[in-house]
Amino acid sequence: MNNELPSVEVIDITENNDGTCSIEFETSDLFDEMYKNETGKEVITKEDIGEYLKDIITKAFENKEGYSIKKDK
């Protein structure tokens with residue numbers, strides 16, 4: 001049985017001059033497939049996945065809809 005979960009790895013966070021931040025991330029193949037299945041999209045763009053991740057991160061902070069945040073040790 002495979003226990004691998006869809007995952008996102010944050011590579012870098014850069015603070016912008018306007019007070020926002022830019023986040024560089026990598027997604028696993030399982031995450032990409034989950035994204036395609038949940039959105040019905042065949043093509044993954046940085047903009048679309050960024051919005052999708054923002055939604056998931058918000059849900060994870062609030063422990064909603066089965067999302068959570070796990071920090072590697």
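**Warm-up.** Is isoleucine 13 buried, partly exposed or exposed? Isoleucine 13 is exposed, with a relative accessible area of 54%; here buried means under 20%, exposed over 50% and partly exposed in between, with a 1.4 Å probe and protein chains only.

A word on conventions before the exercises. This is a predicted model, in which local features need pLDDT of at least 70, side-chain atom pairs count only at pLDDT 80 or more, and totals for chains, interfaces and linings use all residues. Residues are numbered from 1 along each chain as its sequence is written, and side-chain values use heavy atoms, leaving out hydrogens and water.

**Exercise 1.** Find the nonpolar surface patch that includes Ile13, and place Ile13 in its element.

*Solution.*
- Step 1: Patch residues have over 30% relative accessible area and no salt bridge; like charges are joined within 9 Å, nonpolar side chains (Val, Leu, Ile, Met, Phe, Trp, Tyr) within 5 Å. A salt bridge is a side-chain nitrogen of Lys or Arg within 4 Å of a carboxyl oxygen of Asp or Glu.
- Step 2: Val10, Ile13 and Ile23 make a nonpolar patch of about 270 Å²; areas come from the Shrake-Rupley method with a 1.4 Å probe.
- Step 3: Isoleucine 13 sits in strand 1; strands are DSSP runs of E with at least two residues, and helices are runs of H or I with at least four, numbered from the N terminus.

**Exercise 2.** Identify the residues of the negative surface patch and the strands that supply them.

*Solution.*
- Step 1: The members are Glu9, Asp12, Glu24 and Glu26; Asp and Glu count as negative, with the charge placed at CG of Asp or CD of Glu.
- Step 2: At least two of these residues come from each of strand 1 (8-15) and strand 2 (21-27).
- Step 3: In strand 2 we meet glutamate 24, partly exposed at 47% relative accessible area.
- Step 4: Glutamate 26 also belongs to strand 2, and is partly exposed at 49%.

**Exercise 3.** Take apart the largest nonpolar core.

*Solution.*
- Step 1: A nonpolar core is a set of buried Ala, Val, Leu, Ile, Met, Phe, Trp, Tyr and Cys residues joined through side-chain atoms within 4.5 Å.
- Step 2: The largest one has 9 residues: Phe31, Met34, Tyr35, Ile49, Tyr52, Leu53, Ile56, Ala60 and Tyr67.
- Step 3: Helix 1 (29-39) and helix 2 (46-61) are the elements giving two or more residues, and helix 2 has the largest share, 5 residues.
- Step 4: Helix 2 also holds aspartate 48, which is partly exposed at 28%. From aspartate 48 to tyrosine 35 the C-alpha distance is 9.7 Å, with their positions 13 residues apart in sequence numbering.
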